[in-house]
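Visitor: I am new to this structure. Please walk me through it, and tell me how each label is earned.

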Amino acid sequence: CGLGLLTIIGGVVGFVKKGSTASLVFGVVCGLLLFGGGLLVSKRKNVAGHALASTTSGALAFAMGKRYLITGKMMPSGMIAILSFLTLVHHFKKTLESKLTTTSAGTTISSLRWWQGFFLSSIFSVVYLLTPVYNISAVVLLCMQYPTRRYAIAYAAPFLLSVIIPSTEMCFLAKYMTSMLDYFGYEEILEISNEETLKRVNSGQNYILAMQPHGVVSFCSLCSWVNTEPEFRRIKTGVASVLLKFPILKHVMGIYGLTPASGSNVKKILNRKDGIDGSIVLYIGGIAELFKSSRKEERLYLKKRKGFIKIALREGSDVIPVYLFGNTSVLTVLKTSFLAALSRKPQMSLTYFWGKWMLPIPRDEKLLYVRGRPLNLPHIPEPTNEDVDKWHAKYCDEVKRIFDSYKEKVPAYKHKTLYFD
């Protein structure tokens, strides 16, 4: 309303001083429209009111900004242009907050939260897809110094800085990423509570949180990291060593704490007796699993993956099965035997994937994180093959139980059957 009154006064002053009918009409019309927007908001017609105010202030900012560029005078055109722009930003934000959007997950959230979640989640998938291309092109331009040496260095600067600077986990970012939970309609079911888990780890019990399926980008696990208590963000996620060294990716994916998934490193972590830091997250199926599942069927690469059971038995640790519903549905992978073999070598996906609009943008479909009960593995310093097979079979049974028990809660999974490869 203040800007509306100021606009009307400015239009009248312009008419009185210079006889400008255009200034009078424009000022009065814009002022009345701004008053109208305020009136609509006062009557709780928020979307219409803020939309009218943002449109009007945008037109005013454009007109006054143009006049300022021509005259160079801050008063009144420059000042009104600045005020109009700030009003535009305010009312546009309020419009998005007031307007509701229904996601594919079936939840209704404000448009502002939807767009925030959209951009945040897209950062991970787009960066994951484009980073290999960028890194290769940066090296090529640097070697060729094309088109000029200065341009090549400027283009490759992010790559060079990422090579030099080590990745760091950034738990403080979690509080700024909560819009992702709304975007995906994220939910979680914990058959063993955080309180009980913390009580057990503080008494000396370490865990392998065995997660499946892998997915291109584990958005379900990422949402869990955002949503969980601060203590649980200290648990490291085991990944292929290449991801810890790959420029750009090591910083983007490294915000939630990565560590090598090698057997020796896993044993080292599980031998810690300092609470939650002695547990680790492992993706059992690895990159091979990425090329098995799809939106139509769920296949886990599990029959030959027994190493984690053997390590847990040897180290006296327990295994908690975790199922990540939605990991294989928010993004679709281009699958060929050649791309699967190519990706398996460096242990990272080298293929195209897509979600919304056939772009590398995740679909806003429901994600459900289910943490099962611990398997209660015994401590067997030298487990036999029979021991490993027995507890691996129990793990498989638990994974299937979790899948069959909760798949009805996720629309994209209701029709799916789980297969083990």
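Visitor: What covers the question of β12: are Leu-368, Val-370, Tyr-369 and Arg-371 buried or exposed?

Guide: First, a caution: this is a predicted model. Now to β12. Leu-368 and Val-370 lie on one side, Tyr-369 and Arg-371 on the other, and all are buried. Buried means under 20% relative accessible area. Both faces of β12 are therefore covered.

Visitor: Which sheet holds β12, and in what order do its strands come?

Guide: The order is β3-β12-β9-β4-β7-β5-β6. The sheet is open, has seven strands and shows mixed pairing.

Visitor: What makes β3 and β6 edge strands?

Guide: Each of them pairs on one side only. β3 spans 187–190 and β6 spans 258–260. As for twist, neighbouring strands in this sheet are turned by 25° against each other on average, direction ignored.

Visitor: How do you know that β3 and β12 pair?

Guide: Two strands pair if there are at least two bridges between them. β3 and β12 have four bridges, so they pair. The two strands run parallel. Glu-187 has Leu-368 as its bridge partner in β12. Ile-189 has Val-370.

Visitor: What makes the pairing "mixed" on going from β12 to β9 and on to β4?

Guide: The senses change. β9, residues 318–325, pairs with β12 in the antiparallel sense, over four bridges. Tyr-323 stands opposite Val-370 there, and Leu-324 stands opposite Tyr-369. β4, residues 207–212, pairs with β9 in the parallel sense, over six bridges. There Leu-209 stands opposite Ile-320.

Visitor: Why is β9 called mostly covered?

Guide: Count its buried residues: eight of eight. Asp-318, Ile-320, Val-322 and Leu-324 point one way. Val-319, Pro-321, Tyr-323 and Phe-325 point the other way.

Visitor: Which residues touch the most other members of the largest nonpolar core?

Guide: Phe-124 and Phe-219, in a core of 60 residues. Helix α5, residues 111–144, gives the most to this core, with seven residues. Another core lies apart from it, with 34 residues, among them Ala-210, Val-266, Leu-377 and Leu-418. In soluble globular proteins, nonpolar side chains tend to be buried together.

Visitor: What is Phe-219 in contact with, leaving aside neighbours within four places in sequence?

Guide: Its contacts include Phe-124, Ser-125, Met-180, Phe-184 and Leu-367.

Visitor: Why is Ser-125 called buried?

Guide: Its relative accessibility is 0%. The cut-off is under 20%, so Ser-125 counts as buried. Ser-125 lies in helix α5. Beyond four places in sequence, Ser-125 touches Val-217, Phe-219, Leu-331, Phe-353, Pro-360, Ile-361 and Pro-362.

Visitor: Ile-136 is in helix α5 too. Why is Ile-136 called exposed?

Guide: Its relative accessible area is 56%. Exposed means over 50%, so Ile-136 qualifies. Ile-136 and Phe-159 are 23 residues apart in sequence, and their C-alpha atoms are 9.7 Å apart in space.

Visitor: Why is α4 called roughly perpendicular to α5?

Guide: α4, residues 74–98, packs against α5 at an angle of about 95°, with the axes 5 Å apart. Angles of 65 to 115 degrees count as roughly perpendicular, so α4 earns that label. Lys-93, Leu-96 and Glu-97 of α4 meet Ser-111, Leu-112 and Trp-115 of α5. By class, that contact has three nonpolar, one polar and two charged residues.

Visitor: Where are the cis peptide bonds that join a residue to Pro-147 and to Pro-213?

Guide: One joins Tyr-146 and Pro-147, with omega about -10°. Pro-147 lies in the loop between α5 and α6. Another joins Gln-212 and Pro-213, with omega about -5°. Pro-213 is in the loop between β4 and α9.

Visitor: What makes the phi of Trp-357 stand out?

Guide: Phi of Trp-357 is near 55°, a positive value in a residue other than glycine. Most residues other than glycine have a negative phi, and most peptide bonds are trans. Met-358 also has a positive phi, of about 60°. Trp-357 sits in the loop between β11 and β12, and Met-358 is found in that loop too.

Visitor: Are Trp-357 and Met-358 buried or exposed?

Guide: Trp-357 has a relative accessible area of 55%. Met-358 has 51%. Exposed means over 50%, so both count as exposed.

Key. Residues numbered from 1 in each chain as written. Predicted model: local features only at pLDDT ≥ 70, side-chain atom pairs only at ≥ 80, totals over all residues. Heavy atoms only, no water. Axes fitted to C-alpha atoms, helices over the stretch in contact; angles between N-to-C directions. Core = buried A, V, L, I, M, F, W, Y, C linked by side-chain atoms within 4.5 Å. Buried < 20%, exposed > 50% of the residue type's maximum accessible area, 1.4 Å probe, protein only. Contact = heavy atoms within 4.5 Å. Parallel < 35°, antiparallel > 145°, perpendicular 65-115°, else oblique. Nonpolar A, V, L, I, M, F, W, Y, C, P; charged D, E, K, R; others polar.
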